[in-house]
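Let's take a walk through this fold together, one piece at a time. Have the structure open and turn it as you read.

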Amino acid sequence: MYATIHMYDSVRNWPEAAALTSCAVLMGCALFGLFRLKLWGLVVCVGANILVAWLAVAGTLDLPDLLAGGLVATALIQLLIPIPIVREIARSLRSKRLPA
């Protein structure tokens, strides 16, 4: 939504609109991978959340402070969600390596 607003606003906002659009596409790809229960979806999701938080904190997205803070907060929360999944993956990999 904000990418469209930046594109409509003026030509000078094209870099910000491109950053917002690429973040949306990356999150869409991550969502597709997560729905298919693929590991790459989890990796892309974590990477996309780190990217969104970093771009919001750095001011690259040119968003109001309240909205940028909200993006950072939700990105950080979404980084906490896959911790149990990663823990179980690591646990299953460890158990496969140990001799029975």
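What follows goes from the overall layout to the individual helices, and then to a few contacts on the way.

Keep in mind that this is a predicted model. How many helices and strands does the protein chain have? The tally is five helices and zero strands, so reading along the sequence you simply get α-α-α-α-α. Of the 100 residues in the protein chain, 25% are buried.

Start with helix 2, which covers residues 14-35. Its 22 residues reach 31 Å from the first C-alpha to the last, close to the 32 Å expected at 1.5 Å a residue. The buried residues here are Glu16, Ala17, Ala19, Leu20, Cys23, Ala30 and Gly33. Pick out Ala30, which sits in helix 2. Why does Ala30 count as buried? Its relative accessible area is 1%, and the cut-off for buried is under 20%. Now look across to Cys45, another buried residue, this one in helix 3. Ala30 and Cys45 are 15 residues apart along the chain, yet their C-alpha atoms are separated by 4.9 Å. After helix 2 comes Leu37, with a positive phi near 55°.

Next up is helix 3, residues 39-58. With 20 residues, helix 3 reaches 29 Å between its first and last C-alpha atoms, close to the 28 Å expected at 1.5 Å a residue. Its buried residues are Gly41, Leu42, Cys45, Ala48, Asn49, Val52, Ala53, Leu55 and Ala56. Look down the axis of helix 3 and you'll see that these buried residues fall within an arc of 165°, so they line one face of the helix. Spin helix 3 to the other side, and there Leu39, Val43, Trp54 and Val57 are exposed. Once you run off the end of helix 3 you hit Gly59, whose phi is positive, near 85°.

Before moving on, have a look at the aromatics. Searching the whole structure turns up one aromatic pair. The partners are Phe32 and Trp40, with ring centres 6.4 Å apart and planes at 40°, so the pair counts as tilted. Are these two buried or exposed? Neither label fits: Phe32 is partly exposed at a relative accessible area of 46%, and Trp40 is partly exposed too, at 42%.

Helix 4 spans residues 65-80. At 1.5 Å a residue, its 16 residues should span 22 Å, and the end C-alpha atoms are 23 Å apart, which agrees. Ala68, Val72 and Ala75 are the buried residues to find in helix 4. Seen down the axis, they fall within an arc of 65°, so they line one face of helix 4. The face turned away from that buried side carries the exposed residues Leu66, Ile77 and Leu80. Helix 4 also holds Gly70, which counts as partly exposed at 32% relative accessibility. For a link back to helix 3, compare Gly70 with Ala53: the two are 17 residues apart along the chain, and their C-alpha atoms are separated by 9.5 Å.

That brings us to helix 5, residues 83-97. Side chains of opposite charge can pair when their charged atoms come close. The count here comes to one salt bridge, and Glu88 forms it with Arg91, the closest N and O atoms being 2.9 Å apart. Where do the two partners sit relative to each other? Glu88 and Arg91 are three residues apart in helix 5, which means they are separated by about one helical turn. Both partners are partly exposed, Glu88 with a relative accessible area of 43% and Arg91 at 44%.

Finally, bring helices 3 and 5 into the same view. Leu39, Val43, Ile85, Ile89 and Leu93 make a nonpolar surface patch of about 450 Å². Helix 3 and helix 5 are the elements that give two or more residues to this patch, and helix 5 provides the largest share, with three residues. Val43 is a handy one to click on: this residue lies in helix 3 and counts as exposed at 53% relative accessibility, since the cut-off for exposed is over 50%.

Conventions:
Residues are numbered from 1 along each chain as its sequence is written. This is a predicted model: local features need pLDDT of at least 70, side-chain atom pairs count only at pLDDT 80 or more; totals for chains, interfaces and linings use all residues. Side-chain values use heavy atoms; hydrogens and water are left out. Patches are made of residues with over 30% relative accessible area and no salt bridge: like charges are joined within 9 Å, nonpolar side chains (Val, Leu, Ile, Met, Phe, Trp, Tyr) within 5 Å. Accessible areas come from the Shrake-Rupley method with a 1.4 Å probe; for residues, only the protein chains shown count as cover. A salt bridge is a side-chain nitrogen of Lys or Arg within 4 Å of a carboxyl oxygen of Asp or Glu. Helices (H or I, at least four residues) and strands (E, at least two) are DSSP runs, numbered from the N terminus. Buried means under 20% relative accessible area, exposed over 50%, partly exposed in between (1.4 Å probe, protein chains only). The expected span of a helix is 1.5 Å times one less than its number of residues. The arc is that of the directions from the helix axis to the C-beta atoms. Rings of Phe, Tyr and Trp (its six-membered ring) pair if their centres lie within 6.5 Å; planes under 30 degrees apart count as stacked, over 60 as edge-to-face and the rest as tilted.
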